[in-house]
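I opened my notebook to look up charged pairs and helix packing. Here is what I was looking at.

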Amino acid sequence: MNPIHEHAALLTRRHLLGKMGLGVGAAALSTLIGGKAQAALPDPAAPTLPNFPAKAKRVIYLFQNGGPSHVDLFDYKPKLRELAGKGLPDELTEGKRFSTMTASQEKAFLPEITKFARHGECGKWVADNFLPRTAEIVDDVCFVQSMRTTQVNHAPAITYFLTGSELPGKPSMGAWLTYGLGSETENLPAFTVMTSRDRQASCGQIFYDFYWGNGFLPSKYQGVKFRGAGDPVLYLSNPDGITRSTRRTQLDDLAALNQMNLDRLGDPEIAARIAQYEMAYKMQSSVPELTDMRDEPAHVLEMYGPQVHEKGSFAYNCLMARRLAERGCRFIQLMHAGWDQHTNLDTQLEIQCQDTDAPSAALVKDLQQRGLLEDTLVIWGGEFGRTPFQQNRPGANRGRDHHPYAFSLWMAGGGIKRGFTYGESDEFGFNVADNPVEVNDLQATILHLLGIDHARFTHRFQGLDQRLTGVEEARVVHDLLA
């Protein structure tokens with residue numbers, strides 16, 4: 001569309017919505033002058049949602065940056081032990097892409113470095129010497145062992161999972177959901193992000209802001225990052241000499257000026273600015289209450305593990321995720337780096353599991369005990385798995401390369417089947433053998449659980465009806481649904 005015509009169309013719509021009392025700016029301004037709304041509404045420009053009754057109200061995504069090794073943790077393959085040290089058949093690797101670290105080297109099978117056992121009534125195989133707490137919740141979890149992706153490097157693979165595109169610039173899943181569904185709270189961001197990493201800093205994974213960006217959606221839908229040190233959110237505290245009442249007066253005047261510009265220009269970023277200033281003011285009260293853990297029972301803190309007392313740790317972030325969920329946040333994204341074990345599989349995999357196992361299981365148990373798991377979808381997984389072959393030469397430090405062709409993740413709550421395993425890889429853990437699940441299929445299924453038809457949930461941008469699941473065909477994996 002011609003930019004001038006597009007601006008004119010937007011201006012007309014904003015004026016119409018403003019007259020009807022439904023404009024974003026009007027809604028934000030009503031809050032400033034004493035509105036009693038208890039939730040943040042969806043964007044007026046978004047399609048009407050939900051499309052059908054939802055099973056989940058919110059999502060907690062425990063994203064494990066780097067690619068957890070499925071063949072060492074969840075996908076037991078006795079054949080690998082039988083073939084240990086032997087070269088891979090050519091038909092397995094023909095036409096396959098790997099990172100430049102192993103693309104041209106000879107490849108030999110590497111069996112699991114863990115010990116697998118069956119657990120729960122469902123009999124799920126789990127490496128319980130590394131994941132003892134996860135093994136305890138298998139009857140409440142749905143494992144997907146037939147995930148695959150098109151990306152072989154970290155940043156594009158993570159971006160694909162979180163935005164539906166391997167290229168930066170598209171809205172992240174949390175931005176899409178808060179745009180379409182709004183929030184159940186007006187005092188905290190609808191979309192929050194927390195990051196952590198292995199204490200040994202064993203890999204160079206970077207947390208790019210576009211992993212939680214708003215893309216072409218209004219900027220108020222980008223994720224708000226909570227920090228692990230200092231103020232949880234940058235610039236949240238008032239400067240010295242500025243009282244809360246003074247800040248309130250400043251924001252009231254600023255909102256009135258911004259509203260005049262919004263009425264005159266119709267720029268949606270002005271509406272976003274009004275809403276963001278007001279949210280920051282509310283967070284000055286809500287965030288200290290959120291982060292005050294003195295009301296948490298000792299047995300709950302113990303369940304998350306000793307690192308729960310360390311701000312910025314994965315354990316601390318998991319407990320924060322539960323507190324955010326019970327306060328009405330729509331999408332809570334935790335990202336933990338350190339799973340990129342190219343040369344340190346024998347040491348770092350266990351450390352990663354120690355850091356993440358108890359907190360992940362505790363989050364599921366905690367939500368369940370509080371009656372929140374039923375309508376909270378918890379997702380645990382990375383951007384790909386690890387190769388069933390050894391990356392380094394025999395005798396060197398053992399490691400595994402990136403593996404996009406078959407890997408595992410798990411989900412719990414929010415309308416997902418309990419004690420269920422979907423799909424399987426081949427006898428080597430190399431390719432998907434049954435019921436493949438593509439990245440866009442997973443996204444379509446997540447949206448479905450939230451009451452959204454992924455094909456109808458679109459936003460017009462650059463002349464196209466954009467959607468999270470992209471232009472390629474995606475399907476809801478109904479077999480995963482309770």
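I began with Lys-77, whose relative accessibility is 10%, so I noted this lysine as buried. The model is predicted, and I kept that in mind while reading it. Next I asked which residue forms a salt bridge with Lys-77. The partner is Asp-75, and the closest N and O atoms are 3.5 Å apart. Asp-75 has a relative accessible area of 2%, so I wrote "buried" beside Asp-75 too. The cut-off for that word is under 20%.

Then I turned to helix α4, residues 78–82. There I found Glu-82 in a salt bridge with Lys-79. Their closest N and O atoms are 3.2 Å apart. How far along the helix are Glu-82 and Lys-79 from each other? They are 3 residues apart, so about one helical turn separates them. I checked accessibility again. Glu-82 is exposed at 53%, while Lys-79 is partly exposed at 24%.

My next entry is on Lys-57 and Asp-375. They form a salt bridge, with the closest N and O atoms 3.9 Å apart. Where do Lys-57 and Asp-375 lie? Lys-57 is in the loop between α2 (24–32) and β1 (58–65). Asp-375 is in the loop between α13 (345–369) and β8 (376–381). The two residues are 318 apart in sequence, so this pair ties together distant parts of the sequence. Lys-57 is partly exposed, at 38% relative accessibility. Asp-375 is buried, at 17%.

I wrote one general reminder in the margin: side chains of opposite charge can pair when their charged atoms come close.

How many salt bridges does a search of the whole structure find? I wrote down 28. Some residues are linked in a network of salt bridges. Its acidic members are Glu-289, Asp-295, Glu-296, Glu-326 and Asp-366. Its arginines are Arg-322, Arg-323, Arg-327 and Arg-370.

Last, I looked at two helices. Helix α7 (residues 154–163) packs with helix α14 (residues 439–449). Their axes are 9 Å apart, and the angle is about 30 degrees. Angles under 35 degrees count as roughly parallel, so I recorded α7 as roughly parallel to α14. Which residues meet there? From α7, I listed Tyr-160, Phe-161, Leu-162 and Thr-163. From α14, I listed Val-439, Asn-440, Leu-442 and Gln-443. By class, this contact has 5 nonpolar residues, 3 polar residues and no charged ones.

Conventions:
Residues numbered from 1 in each chain as written. Predicted model: local features only at pLDDT ≥ 70, side-chain atom pairs only at ≥ 80, totals over all residues. Heavy atoms only, no water. Salt bridge = Lys/Arg side-chain N within 4 Å of Asp/Glu carboxyl O. Helix = DSSP H or I, 4+ residues; strand = E, 2+ residues; numbered from the N terminus. Buried < 20%, exposed > 50% of the residue type's maximum accessible area, 1.4 Å probe, protein only. Axes fitted to C-alpha atoms, helices over the stretch in contact; angles between N-to-C directions. Parallel < 35°, antiparallel > 145°, perpendicular 65-115°, else oblique. Contact = heavy atoms within 4.5 Å. Nonpolar A, V, L, I, M, F, W, Y, C, P; charged D, E, K, R; others polar.
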